[in-house]
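Visitor: I'd like a close look at one part of this protein, please. Could you pick a single residue, walk me through its surroundings, and then step back to the whole chain?

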Amino acid sequence: MAPKAKKEAASTGAVQIGIEYKKDVDFPKWYQQVVTRSEMLEYYDVSGCYILRPWAYRIWQEIQHWFDNEIQELGVENSYFPMFVPAKNLEKEKDHVEGFAAEVAWVTKAGNTDLEEPLAVRPTSETVMYPYYAKWVRSHRDLPLRLNQWCNVVRWEFKNPQPFLRTREFLWQEGHTAFATKEEADKEVHQILDLYRQVYEDLLAVPVIKGVKSEKEKFAGGLYTTTIEGYIPTTGRGIQAATSHCLGQNFAKMFGISFEDPQGPLPNGEARPPLHAWQNSWGLTTRSLGVMIMVHGDDKGLVLPPRVASVQVIVIPCGINSKTTDEEKASIEERIADILKQFKKGGIRAKVDDRATYSVGYKFNHWELRGVPVRLEVGPKDVKNNQALAARRDNGEKVTIQHESLVKDVRDLLDTVQSDMFKRAKEGRDANVAYVENWKDFVPALDDKKICMIPWCEDPNCEDEIKENSARTGIAMTEVQDEKAPSMGAKSLCIPLEQPQDRPIVAGETKCVSCGKDAKRWALFGRSY
């Protein structure tokens, strides 16, 4: 009997400039083609390092602009610190250095001369910045100290890089703040976490779950870590989207970030011991672009949310052929010039594709691949009827736009596209969150590409057992196998801040799905990137 034909991964009839692989059949090759052929990114000669092309960098700038305005409203100031870390600084905080040791890149030579002390290239900047926080903070009046920097970092630990998601160099912002009290630090942790939620949900149209990391998954050397967690439906994997850490006083004690007690001397005249600052650190990276691509992209390429798209509307002259008169051609050019003028005045990012050497169909495919949210078609009949035809990239729907209400109608359409993209993504995510209260249902749910909400005891040993007992067997050779690879068993993604109201944990009654001990809270587990 002839073997059953496999579902074809390559899209039939695809031309070389388009996407040849189907998202739900060969996701890795689909993703690789989308990020390169849409001109988001180019591979570089150093493995794990990539060139961010303007189409991607503009999205990062949109995120930067929005987030930067928000943190400045909170009182955070921008700064820049060097990228090199002296070894003695990096090694000051034991848990911290152990957490990053495997991924630190070192500079050991200058020309042919060995350096007296090796310099680490920052994997993060706590140990770069905090010696100077200790220098600058002397009194409670020097607090709060709230600095942010937009920079690159290098982390070299893994074997299998993925564009945007797992890269050896990436761009991010890192905020580092110091406060007099824990209450102030706690408040900021959650303020920043909600800003990160807004970046993903309001700008990138990607739903996320706010939570706190387990003790095992928290930031090395920190007190606790809050996180927003995304979900990639095609692979069924969770992905850490951004984190906001409360460092407690640990780093302040290591680096001597202290200040005089504002209460003054003791009744006997002796000076009170100095107080240590409470610190936070928080970061958002270019990983966000990869999450956006994976969630929204389709078999034609990118699907960009309007709020971050470099070009929100592409205007394409249509219906021009050998019978089109010079007068009609001129009227189309004039109308398009007026449309672009109105869009610019109305704050809509638009451009025209009037390349004479390409067909209309080629132009449609070109901009669909790049994910432009709305295509506006303008032909001789449209000019005569004072209208244009708008096509949505996210669902292909077409609608006639009247010229007299052009800006308002297109702006409304862009808002609808943004809203619909988030709604679809959230519905898809919600449908794939499985509530599991029996271990026998856990691994089947994972294999069905779901993330699992389980009653959990929060014991680190139990977390290790869950990961080991849920690891896949017989993994295909195409799946990566290093320590942080997505083919490993399930791990805790977060303990959601909003616990299920209809399924309360009953103390002493609700048991952990894995070990059977008393459960403390619902926790989100899943295979992850």
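Guide: Happy to; what follows looks at one leucine, then at the chain around it. Please keep in mind that this is a predicted model. Our residue is Leu 147, which sits in strand β7, a stretch covering residues 145–154. Is Leu 147 buried or exposed? Its relative accessible area is 10%, and because buried means under 20%, Leu 147 counts as buried.

Which residues does Leu 147 touch, once neighbours within four places in sequence are left aside? Its contacts include Val 76, Glu 77, Ser 79 and Phe 81. Met 129, Tyr 133 and Trp 136 are also among them, and so are Glu 174, Gly 175, His 176 and Thr 177. Leu 165, for its part, is 18 residues from Leu 147 along the chain, and the C-alpha atoms of the two are separated by 26 Å.

Now for the wider view. The chain has 14 helices and 23 strands, and buried residues make up 50% of its 529 residues. Among contacts with a separation of 6 or more, 69% join residues 24 or more positions apart. The radius of gyration is 27 Å, which agrees with the value near 24 Å for a compact globule of 529 residues. Along the principal axes, the C-alpha atoms fill a box of roughly 100 × 65 × 60 Å.

One last stop is the interior space: the structure holds one cavity of 30 Å³ or more. Its lining consists of Val 206, Pro 207, Tyr 231, Pro 233, Val 295, Ala 425 and Arg 429, which divide into six nonpolar residues, no polar ones and one charged.

Definitions and conventions: Residues are numbered from 1 along each chain as its sequence is written. This is a predicted model: local features need pLDDT of at least 70, side-chain atom pairs count only at pLDDT 80 or more; totals for chains, interfaces and linings use all residues. Side-chain values use heavy atoms; hydrogens and water are left out. Helices (H or I, at least four residues) and strands (E, at least two) are DSSP runs, numbered from the N terminus. Buried means under 20% relative accessible area, exposed over 50%, partly exposed in between (1.4 Å probe, protein chains only). Contact means heavy atoms within 4.5 Å. On a 1 Å grid over the protein atoms alone, a cavity is a set of points where a 1.4 Å probe fits but cannot get out, and a pocket is an open set with protein on both sides within 12 Å along at least five of seven lines; lining residues have an atom within 4 Å of a point. Grid points are joined across faces, edges and corners, and a volume is the space filled by probe spheres set on the points. Ala, Val, Leu, Ile, Met, Phe, Trp, Tyr, Cys and Pro count as nonpolar, Asp, Glu, Lys and Arg as charged, and the others, Gly among them, as polar. The radius of gyration is taken over C-alpha atoms; the globule rule is 2.2 Å times the number of residues to the power 0.38.
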